[in-house]
Each structure stands twice: as structure tokens, then as C-alpha cells.
Amino acid sequence: MSKDAPRKLKPATQLVHGGTMRSAFGEMSEALFLTQSFDYPTMEAAEARFKGDDPGFIYSRFSNPTVAMFEQRMVLLEGAEAARATASGMAAVTAALLAQVRAGDHVVAARALFGSCLYVVEDLLPRLGVASTLVDGADLSQWKAAIRPETKLFFLESPTNPGLEVYDVQAIADLAHNAGARLVVDNVFATPLLQKPMALGADVVVYSATKHIDGQGRCLGGIILSSQAIIEESIHNFLRQTGPAMSPFNAWVMLKGLETLPLRVNQQTASAARIADFLAEQAGVTKVLYPFRKDHPQAELARRQMSGGGTLVSFVLESKDAAFRLANALQIVRISNNLGDAKSLITHPATTTHQRLTPEARATLGITDGMLRLSVGLEDVEDLIEDLAEGLAAAR
């Protein structure tokens, strides 16, 4: 490949090679720069660095070579212009919202959000003088009706946690832009491989890198991706001054995770689709939610804006007791609130991720006491189906 005219590489290749910087030693695996600060040859060089005339590194709270490689690789995958990595997915969500608003502004968000995201939107933002309105994310008329002159941001996740609702990202982005607002999308369930929110009009995309990007249950991380202008004007300085920086070690782990991301997500998605079909045929299962099944309420939309149904399946049993009996009987699938892991994981949203919501709020989101969320891992799908069959027998 000519260095003068490099080819446009496909995602799987970018995830192995993209953004790599090598030291004078020529290491093949990305270098791990465990350092807080950096050396300057002269005081004049330090001055230039701090003024921004020299693009080198200053302090690892601001930027770090290993973290920068992770950010650049994600930029190439997402199709963004710039990115900043954070210590966790919730640090990414919080920074993406707080960095773009001030007292007197207004945020519109889909009601179906992860519990911690709801806390930021419903509790934290109003404390800081930023009003918020929650809407049914699937109802475009509610988004439109919620707009005020001071509305600055729309925020949603799609597919949602745990109901796997799919929202029309392009239509919602158009509504935001017509109102002079920006759209922030939490794309963690779809992964950057199965959905491209920025191509659909989103202004900012956030991920919990803890999930599929690491994908092996090792460490925390998050990332914010956007245009160069938004990152420079809002995000970078907020992160620099408030300090939720990703550690270099975690960035190195994420780089290793990205190398196998397509292999893992493709396999997990194929297995999830098979498991969803299996569950739909079982006695005692009253509902199965998977975006690419024909009986999903937004199946057509899901296939229009996603290239795969994802690695998550939610399903409903008759009661909390039945759900607990099933989960407790599983031998391969582990009980955990994480997702996107190489190991299959199951959780009961009503008593874990969404337990802080009132029963009425959970009912509005379709989170019943019998709902279970299954994150499909890399085990043999036949073993997983057998495990679930035994769990269903125990539930009965």
C-alpha cells in the first residue's frame, strides 16, 4: 500500500492497524505509556506546548499517547472527526451533556434510558439550572412538542436498555437541527459496527467502552465522538478541567479489544438471533424482544438503520419468581449486570439496572417483574440454548 495514496481501509482492518503510533523501538503491540507528565527539551518548548503552538503531550489528564491511539482508532471506526476517551461510560454520557449546556438551557431525552443516564437527565441537570423533558422516544410528535426556544440537546439510546426499542435517529436528528439543537446518541447496544448514528444525523455519539469494546470483562472506559469543532469547543476543555480521564492501561486494553471486535460482535449477533427464535417458541415465555425479529414493533426501522440485530435479547416470563428460578438454574450463563462480554450474562432489570425507578415508571417502559435481559456471549450457541432450556424447565 502506497504511503503517498493510502487506500480506504475497511473496519476490520482499521481495528487492527488504525491510529497506531510506534516509538523508536518499532514495537508491534501498541506501547503502554504509563506516565503522568512529559519532558520538554527547553522552557521555550514547554511554553509552546501550553500555548498550543506545539501539538505534543502535556499531562495524561489532558491527553496521553496510548489513549490517543484508542481515540484515533475509534474515530476511524465511527466515521467521526475527533474523540475523547473517559474513565467510564457514564463519564462519557455526563461530559457529553454537561459540556454543551449551561443554566437556563433545556434538554429533551427519551424516557427509556439506563438508570444512571436518567439520574443525570432528571436529577443532576435540573440542580444545575438545566431543565429537562422526558418523552416517548418512538413518538416523533412528543419530541417536537417538547421543544422550547432554549432547547439545546436531544438525548437518546437506541436500541434501548432493556426493552430494545429502536428509535428513528435520522428523523429525531432533523427535529433537533430544525430547532437549533444537537442530538447525542448512546450507541452502546448497537455497537459502532451495527449502527452509525453520525451517518444518520447525530452530532455526538457516546459509548461505554466497558461493554463490547473491551468485551472481556476487564476494565472500565468510555468515549465521546463528534466533529472537531464540538470536541474542541465543548468536550475537550470540560474533560481537561474536570478530570474523568481514561487511564493509559485501560486504553491499551481497549485497543486490544478493538482488534477482535468484529469477530466477537458478528458471532454474538448470530447467536442472539438464534436464541431469540428459540425463546419465542418456548412455553412460559410471554414475549421476546429482538430488533431483527419480524414481531419486533420497530423491525422495519431496525433493519433500515442497523446492519444486525445486536447481541442482546430481552424476554418476559409470567412473574418475578419464574424469572429468578430460570436465572438461578443456569449453569453457563452468569448472573451479572454487565453486557457485551465474551461470557453470556443475564440480569433482572426491575431489581438491578432499573430498580431506582418507581413501579409506574418501569411499567411505562415495559419493564415487568418477569423481564430478563440476556447478553449473548461467545459460547457455543447449542450449549446456550440447552442451558436456557434447563432454566425454563426450572422456571415452570
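How much space lies in the largest pocket? In this predicted model, in which local features need pLDDT of at least 70, side-chain atom pairs count only at pLDDT 80 or more, and totals for chains, interfaces and linings use all residues, that space is about 700 Å³. Residues are numbered from 1 along each chain as its sequence is written, and side-chain values use heavy atoms, with hydrogens and water left out.

A pocket is defined on a 1 Å grid over the protein atoms alone as an open set of points with protein on both sides within 12 Å along at least five of seven lines, whereas a cavity is a set of points where a 1.4 Å probe fits but cannot get out; lining residues have an atom within 4 Å of a point. Grid points are joined across faces, edges and corners, and volume is the space filled by probe spheres set on them. The largest pocket is lined by 34 residues, of which Phe57, Phe62, Ser63, Arg84 and His236 are the closest to its centre. Helix H2 (43–51), helix H3 (65–78), strand E1 (82–86) and helix H9 (228–242) each supply at least two lining residues, with the largest share, six residues, coming from H3. Helices (H or I, at least four residues) and strands (E, at least two) are DSSP runs, numbered from the N terminus. The pocket lining comprises 17 nonpolar, nine polar and eight charged residues (nonpolar: Ala, Val, Leu, Ile, Met, Phe, Trp, Tyr, Cys and Pro; charged: Asp, Glu, Lys and Arg; polar: the others, Gly among them).

One cavity of 30 Å³ or more is present, with a space of about 40 Å³. Pro159, Leu164, Phe189, Met306, Gly309, Gly310, Thr311 and Leu312 line the largest cavity, a lining that divides into five nonpolar, three polar and no charged residues. Leu164 is also among the contacts (heavy atoms within 4.5 Å) of His296, together with Glu165, Val166, Tyr290 and Pro291, when residues up to four places away in sequence are not counted. His296 is found in the loop between strand E8 (287–289) and helix H12 (299–305).

The largest nonpolar core (buried Ala, Val, Leu, Ile, Met, Phe, Trp, Tyr and Cys residues joined through side-chain atoms within 4.5 Å; buried means under 20% relative accessible area, exposed over 50%, partly exposed in between, with a 1.4 Å probe and protein chains only) has 87 residues, and Phe70, Met74, Trp143, Phe155, Leu183 and Ile224 touch the most other members. A second, separate core of 33 residues includes Leu279, Ala302, Leu384 and Ala395.
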